[in-house]
Amino acid sequence: MISIRRFWRVAAFLACLTPAVWLAGLAFTGNLSANPIQDITEQTGTWTLRLILITLCVTPLRALTGWNGVIRYRRMLGLFAFFYGFLHFLTYVWLDQFFALTDIFQDVYKRPFIAAGFSSFVLMVPLAITSTKKWISRLGGRKWQLLHRLTYVSAIAAIAHYLWLVKADIRRPMAYAFLLSILLGVRVLKLLRSRRTASVVDGTEATL
Amino acid sequence: MRITKLPDIAESEITPEDIFMNRRRFIEMTSGLAFAASSVDAWAQETRGPYDTDESKTPYKDITTYNNFYEFGTDKDSASRNSKNFRTQPWTISVEGFVKKPQAYAFDELIRNLTIEDRVYRMRCVEGWSMVIPWRGFELRALIKRLEPTSRARFVEFQTLYAPDQLPEQRRGFLAWPYVEGLRLDEAMNPLTILAVGLYGKPLPNPNGAPIRLVVPWKYGFKGVKSIAKIRFVDKQPVTTWMNLAPDEYGFYANVNPVVDHPRWSQATERRLGEFFKRKTLPFNGYADQVASMYSGMDLRKNF
């Protein structure tokens, strides 16, 4: 018999996988728009951003609710963000540009929105690699934590990527920017508060 | 300004729409070669005109469900989803500015007796995708000649209907409404420039700018202002909606040009809908022979 904990882990895993399966289903049944490559690009990009933001919710949610168990989902959520980012990147390199490397390098060099998206993805690579328990102990908790703050940079780059590619109506990227600013704002506040207490009691550095 | 009254009986009731819409078929019918009313699947152009491309046409469904018509929403399917109840009857077009008789015309009145024909054109969107569309319409120059602009007219400006109750995104301010586009008078008089009232042999569907929209095949698609309610003859270059939003990204001319990139993306290639590999974008969208001379001596990098 599977434990409740295991059940919820599997459920979360399947939930994270659903957008990809759904998208593949639409693609194979011909139910995407007249420009399916564009649809796949947009959908994988959107889900990358959503999963980055969901991953960033874990720590504040834990602080807010005292539900410590939520931390167990953080790695899975982060890896799914990377998974969708990888699909998004692959769609661009393979389906959109068809491995035209000179064009791709020019794009990254010449166009800020591509450069931002590319940076966001590249920053996730070391985080995905070092997401294992082995790497945590190899780096040591503090170093590992410092490294994984790259998530914030990656998230900001992802938002910039989205904002820069929109033609006129920036409502959606701004909504994501708003959510990210809350999630980062919470951390800044916590840092400021812990600094203040640290200066009083000379305590340890708070985790973000 | 006088509003020309609609006749008591709608024009379409007097003349069967198919005949009214298709001169070529009308000629064939009168010569005893009548055939069944057109359906999209059966639609086939009888003769290939001098301006028609023989490239394979984008399917009707794709043309009518993949649109940029921001008045209905900014997703590609917004127009097809949200335009079902858009009212195109009655339709009035107001003609203003330096013209012999500035006045408002009923749609049927304005286009009466103009030669309606099919034109199969490439359409290149500034976003980097393209279609091949069998438009049905008339040469803009025929209408301009009929309206008799005065010698002060140097540009033609077009405006989409302003009706926030029907075009919901006009309530939001991310673009300056109503949508404005324009052409230099010689561009407007070029025989390639048409006002479309149909596609695939059918009246223009709502997502494509019913009942009447501009088609300028050598320019990016956004020049093709939809659901036109106002035509103004002016002496100064109009400030178009996209120029107003981002003058460094969208110019007045907006001629398709593979060597002048949009500041944020390349214009060197395009994806023809339905094709996997991108194709090279052609100068003036492949219509250089017919239009390049209008821009001789102009720096097309500056006048993008």
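Is B:Asn113 buried or exposed, and how many C-beta neighbours does it have inside 10 Å? Let me answer that straight away, while reminding everyone that what we have here is a predicted model: B:Asn113 counts as exposed, because it has 8 C-beta neighbours inside 10 Å, and the cut-off for an exposed residue is 12 or fewer.

I start with this residue for its backbone, since B:Asn113 has a positive phi of about 70 degrees although it is not a glycine. As general background, most residues other than glycine have a negative phi, and most peptide bonds are trans. If you want to find B:Asn113 in the structure, look in chain B at the loop that runs between α6 (107-111) and β3 (117-124).

Another residue to look at in this respect is B:Ala254, which is not a glycine either and has a positive phi, near 50 degrees. You will find B:Ala254 in the loop of chain B between α9 (241-245) and β11 (269-272). Here the surroundings are described by another count: B:Ala254 has 21 other C-beta atoms within 10 Å and is therefore buried, given that the cut-off for a buried residue is 20 or more.

Let me turn now to the peptide bonds. B:Trp177 and B:Pro178 are joined by a cis peptide bond, with omega at about -5 degrees, and B:Pro178 sits in the chain B loop that connects β5 (155-160) with β6 (180-184). A cis peptide bond also leads from B:Ala210 to B:Pro211, where omega is near 0 degrees, and the place to look for B:Pro211 is the loop between β8 (202-203) and β9 (213-215), again in chain B.

How values were computed: Residues are numbered from 1 along each chain as its sequence is written. Chains are lettered from A and ligands numbered from 1 in the order in which they are written. This is a predicted model: local features need pLDDT of at least 70, side-chain atom pairs count only at pLDDT 80 or more; totals for chains, interfaces and linings use all residues. Helices (H or I, at least four residues) and strands (E, at least two) are DSSP runs, numbered from the N terminus.
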